[in-house]
Amino acid sequence: MPSSTTFAQRLDARVAEALDKRLVDRISTGSGRGVARVLAFALVTPVHLVGLALAFAGVALLVLGSGWWDRAIAVLVLAVAWLVRPHLLHGVDPDSVRVEPTAAPTYTALVAEIAELLGTRPPTELRIDTSFNAYVGNHGLRGRQLVVGAPLWAAFGPQERVSLLGHEIGHLAHGDLLSSRYVGGGYRTLVRWIELLDPAATEVFEHDTPITVRALMAPPRWLVRGYLRLLWSVNSASSRRQELYADLAAAMVAGTDATVSDHELILLGDSIEVVGNRAAMDARRPDLREAIAERVAGYDAGQRTAARRAAAEDRRSIDATHPPTVDRLRLVESVERSLPAIVLDPARSRRIDQELAPALDEAFKRLGDAYRYVH
């Protein structure tokens, strides 16, 4: 393929190739790329417009009203507009640990290198949390955050970590944060509407709601709940497609083998979390990071194959927004093999480990405390 082609065009070609081979099952069916995303945007737009219309009407009444009655109605309308306002801004998870760029220059440079390769801006905020997961998200108006779970980082080897970062930054390159902000904001707004329409959730009647109020509020609540379920269904289909594109980005950055290995280890995630739990409960207080890395090093090819076979039988997936992991593996393995565009050599990998050690230690301390607190 000519070098002048864009990143999006290369991804399109790879998805088309997998679609032709019919190896992504029902996840890859549909009338074209991005149809579910367009439909999700169309469904959520009226939700945002309702809040804007109420705010405009309230301001208009407040400015143009001629008496106290008009102003009282305006205040009421503005109060409702505030309650049903679009929730578009995101903060950071207070339980995550920030990685300072000055304290982790090698890691920051690696993230920037991957972002440049994929043709997008790098995240403005790098963080570590306690989950067996990783994600990108909005931060304020223009900020972007990349959050990597400490157990996941400990479980992965150097090249698998490059694949992990390539997957998450692939979401940025594909414009998925716009969906997260716009569609996700509308979803949260609809949830708020349902709460406001649920008499049992309010303190107005102190849980002794008159039957008339319940009868009047039930139909609009059912309508909003049905609309929310429709939006969730459509946006989940869009999200699953986004995951497939991000997987291909990961393979293009780190190589096919590293991305396949990532997914195989994710299939073993339950047993990896058990290792962390047991280490946390051990009276000798072993290092959780070392315990996880040692367990992963002990997995052989047979255990990975068994995990893939089990996943194929029960069609397991992370959640409704992700395709089954076996489908994601088939996609990555069905297209032309990718050699790694970025190779994390041992020296660079050691520097990154040293830079991230304080944040990882803090995250594992919190994880250990959480395990012990639950028990």
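**Entry 1: the sheet**

I started at Y135 and looked up its bridge partner in strand 4, which is V147. This is a predicted model, so I kept to local features with pLDDT of at least 70.

Y135's neighbourhood led me to the pairing of strand 3 with strand 4 (residues 143-149): antiparallel, over six bridges. Helix 6 (residues 158-173) packs on the sheet there, touching strand 3 and strand 4, and its direction makes about 35° with that of strand 3.

Next I wanted the whole sheet. Four strands form an open sheet in the order 1-2-4-3, with mixed pairing. Which strands stand at the edges? I found strand 1 (97-98) and strand 3 (134-139) there; each has a single partner strand, so one side of each is left without a neighbour in the sheet.

**Entry 2: strand 2**

I followed strand 2 (residues 125-129) both ways. Strand 1 runs antiparallel to strand 2, and two bridges join them. On the other pairing, strand 2 and strand 4 run parallel and are joined by five bridges.

R127 turned up in both lookups. R98 stands opposite R127, and R127 stands opposite V147 in strand 4. That is the V147 I had already noted as the bridge partner of Y135.

Is strand 2 covered or open? Mostly covered: five of its five residues are buried. I checked the side-chain directions as well. E125, R127 and D129 point one way, L126 and I128 the other way, and all are buried. In general, side chains in a regular strand alternate between the two faces of the sheet.

**Entry 3: A359 and the cores**

A359 lies in helix 14. I checked its exposure: the relative accessible area is 9%, so A359 is buried. What does A359 touch beyond its sequence neighbours? Leaving out residues up to four places away in sequence, I got V97, V99 and I128. I also took the C-alpha distance from A359 to D129: 8.7 Å in space, with their positions 230 residues apart in sequence.

Then the largest nonpolar core, with 59 residues; Y107, I114, V148, W153 and L165 touch the most other members. Helix 14 (residues 346-374) supplies the largest share of this core, eight residues.

I looked closer at L165. With residues up to four places away in sequence not counted, L165 touches Y107, L110, V111, I114, L146, V148 and W153. There is also a second, separate core of 13 residues, which includes V47, V183, L228 and V234.

**Entry 4: helix 9**

Helix 9 (residues 256-267) has 12 residues and reaches 17 Å from its first C-alpha to its last, close to the 16 Å expected. How many of its residues are buried? I found 10 of the 12, so helix 9 is largely enclosed by the rest of the structure. Among the buried residues are D262, H263 and E264.

**Entry 5: aromatic pairs**

I found four aromatic pairs in the structure. The rings of F41 and Y182 have their centres 5.1 Å apart and their planes at 20°, so I put that pair down as stacked. F41 lies in helix 2 (residues 35-64) and Y182 in helix 7 (residues 176-196), so the pair ties together parts 141 residues apart in sequence. Y182 is partly exposed, at 22% relative accessible area.

W68 and W69 form an edge-to-face pair, 5.7 Å centre to centre with 80° between the planes. Are they buried or exposed? W68 counts as exposed at 66% relative accessibility, and W69 counts as exposed at 54%.

How values were computed. Residues are numbered from 1 along each chain as its sequence is written. Side-chain values use heavy atoms; hydrogens and water are left out. A nonpolar core is a set of buried Ala, Val, Leu, Ile, Met, Phe, Trp, Tyr and Cys residues joined through side-chain atoms within 4.5 Å. Buried means under 20% relative accessible area, exposed over 50%, partly exposed in between (1.4 Å probe, protein chains only). Contact means heavy atoms within 4.5 Å. Two strands pair if DSSP finds at least two bridges between them. Axes are lines fitted to C-alpha atoms, for helices over the stretch in contact, and angles run from 0 to 180 degrees between N-to-C directions. The expected span of a helix is 1.5 Å times one less than its number of residues. Rings of Phe, Tyr and Trp (its six-membered ring) pair if their centres lie within 6.5 Å; planes under 30 degrees apart count as stacked, over 60 as edge-to-face and the rest as tilted.
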